Amino acid sequence: RVLAVKGTGAVARRLMEMGVVPGAPVRVVKAAPLGDPLEVRVRNYHLALRRSEARTVTVVLGDE
């Protein structure tokens, strides 16, 4: 689950607009062959995030 989204820039704001908010379930689905971007599932849809964008999201491990 998402614990927090760090930063106050446009990227952090856009992530929160797309549902990456504290408490939202999130799962890494797969990574591109060279590791960037990552495909993550947030709620019931998939997002492609650069690793630099994913680093702004703090998560906590737990059951869904």
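Which residues does alanine 12 touch, not counting residues up to four places away in sequence? Alanine 12 touches Val5, Lys6 and Gly7, where contact means heavy atoms within 4.5 Å.

A quick note on the basics: this is a predicted model, where local features need pLDDT of at least 70, side-chain atom pairs count only at pLDDT 80 or more, and totals for chains, interfaces and linings use all residues. Residues are numbered from 1 along each chain as its sequence is written, and side-chain values use heavy atoms, leaving out hydrogens and water.

Ala12 also belongs to the largest nonpolar core, which has 11 residues in all, including Val5, Leu15, Val40 and Leu49. Such a core is a set of buried Ala, Val, Leu, Ile, Met, Phe, Trp, Tyr and Cys residues joined through side-chain atoms within 4.5 Å; buried means under 20% relative accessible area, exposed over 50%, partly exposed in between (1.4 Å probe, protein chains only). Strand 1 (2-5), helix 1 (10-17), strand 3 (38-42) and strand 4 (45-49) each give two or more residues to this core. Helices (H or I, at least four residues) and strands (E, at least two) are DSSP runs, numbered from the N terminus.

Now for the strands. Strand 2 and strand 3 pair in the antiparallel sense over five bridges (pairing takes at least two DSSP bridges). Alanine 31 has leucine 38 in strand 3 as its bridge partner. Their hairpin has six residues between the strands, and the loop there holds proline 37.

Here are some backbone angles:

| Place | Angle |
|---|---|
| Peptide bond from aspartate 36 to proline 37, cis | omega near 5° |
| Glycine 35 | phi near 95° |
| Arginine 43 | phi near 55° |

Arginine 43 sits in the loop between strand 3 and strand 4 and is partly exposed, at 41% relative accessible area.
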